[in-house]
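Welcome to a short tour of a protein model. Take a moment to turn the structure around on your screen, and then we will walk through some of its features together.

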Amino acid sequence: MQIKLDFRSGVPIYIQIMDQIKHLVAIDAIHPDDQLPTVRQLASDLRVNFNTIARAYRLLDEGGVISTQQGRGTYILAPPSEQATERLRQEALAGLTRRYLAEIARLGFTPEEINPYLAALFQEWKETGSLPEMDFE
């Protein structure tokens, strides 16, 4: 399972973990009944406090994405309904957007500065179905 954290983004680490696990489920990169790493193992792999992972897992469990079974481990739950899948996709999109905007703000850009770039990207994407190469000269 590939999770990448951005410690400078301003987005809490447990939220980043949750968003990425939801995204992996939504894109079918992890499947129902797949076992997730233990809290301690993932904490070690990501070099974060195990309480951060425990919080993310607890909230994912409460949200019906995973099931933690004492003594057995933590597993991805059975395929969610189309409605639940779409909700997961939307939550993943919201998380990505929050991280993107947090990074823009961290770099000191204003909405007015970023808007022309976003408008050009969206327009090209709508017209061609792919993202353009941006010329920053």
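Let us start with a pair of charged side chains: K22 forms a salt bridge with E91, and their closest N and O atoms are 2.6 Å apart. K22 belongs to helix α1 and E91 to helix α4, so this pair ties together parts that are 69 residues apart in sequence. How covered are the two partners? K22 has a relative accessibility of 12%, so K22 counts as buried. E91, with a relative accessible area of 24%, is partly exposed. Please keep in mind that everything here comes from a predicted model.

## More charged pairs

Side chains of opposite charge can pair when their charged atoms come close. In this model the count comes to 7 salt bridges. Which residues are joined into one network by salt bridges that share partners? They are D19, R98 and R99.

Look at D19 with R98 to begin with: the two form a salt bridge, with the closest N and O atoms 3.3 Å apart. This pair links distant parts of the chain, since D19 is in helix α1 and R98 is in helix α4 (residues 82-106), 79 residues apart. D19 also meets R99 in a salt bridge, with 3.3 Å from N to O. R99 lies in helix α4 and D19 in helix α1, so here the parts tied together are 80 residues apart in sequence.

The members of this network can be sorted by how much of each is covered. D19 has 5% relative accessibility and therefore counts as buried. R99, at 16%, counts as buried too, because the cut-off for buried is under 20%. R98 is at 40% relative accessibility, so R98 counts as partly exposed.

Here are three of the salt bridges side by side:

| Salt bridge | Distance between N and O |
|---|---|
| K22 and E91 | 2.6 Å |
| D19 and R98 | 3.3 Å |
| R99 and D19 | 3.3 Å |

## The chain as a whole

Now step back and view the full chain. Its secondary structure comes to 5 helices and 3 strands. If you read along the sequence, the pattern is α-β-α-α-β-β-α-α. The C-alpha atoms fill a box of roughly 55 × 35 × 20 Å, taken along the principal axes. What percentage of the 137 residues counts as buried? The value is 29%.

For a feeling of distance, try R72 and A119. These residues are 47 apart in sequence, while their C-alpha atoms are 49 Å apart in space. You will find R72 in the loop between β2 (66-69) and β3 (73-76). With 53% relative accessibility, R72 counts as exposed.

## How helices cross

Helix α3 (residues 50-62) takes part in two crossings described here. The axes of helix α1 (residues 13-26) and α3 come within 9 Å and cross at roughly 45°. The two helices are therefore oblique to each other, and the crossing of α1 and α3 is right-handed.

The other partner is helix α2 (residues 39-46), whose axis comes within 8 Å of the axis of α3, with a crossing at roughly 120°. Are α2 and α3 parallel, perpendicular or oblique to each other? They are oblique, because angles from 65 to 115 degrees count as roughly perpendicular and those over 145 as roughly antiparallel. α2 passes α3 in a right-handed crossing.

## Loops and surface

Most residues other than glycine have a negative phi. Two residues to look up in this model have a positive one. Phi of D33 is near 75°, and D33 is not a glycine. D33 sits in the loop between α1 and β1 (35-36), and a relative accessible area of 62% makes D33 exposed. R47, likewise not a glycine, has a positive phi of about 60°. The loop between α2 and α3 is the place of R47, and at 75% relative accessibility R47 counts as exposed.

Finish your tour on the outside. Which residues form a nonpolar patch on the surface? They are F122, W125 and L131, with about 350 Å² of accessible area together. W125 lies in helix α5 (residues 111-128). Its relative accessible area is 46%, so W125 is partly exposed.

Conventions: Residues numbered from 1 in each chain as written. Predicted model: local features only at pLDDT ≥ 70, side-chain atom pairs only at ≥ 80, totals over all residues. Heavy atoms only, no water. Patch = residues over 30% accessible without salt bridge, like charges linked within 9 Å, V, L, I, M, F, W, Y side chains within 5 Å. Areas by Shrake-Rupley, 256 points an atom, 1.4 Å probe, with all protein chains shown as cover. Salt bridge = Lys/Arg side-chain N within 4 Å of Asp/Glu carboxyl O. Helix = DSSP H or I, 4+ residues; strand = E, 2+ residues; numbered from the N terminus. Buried < 20%, exposed > 50% of the residue type's maximum accessible area, 1.4 Å probe, protein only. Axes fitted to C-alpha atoms, helices over the stretch in contact; angles between N-to-C directions. Parallel < 35°, antiparallel > 145°, perpendicular 65-115°, else oblique. Left-handed = near helix turned anticlockwise from the far one by under 90°.
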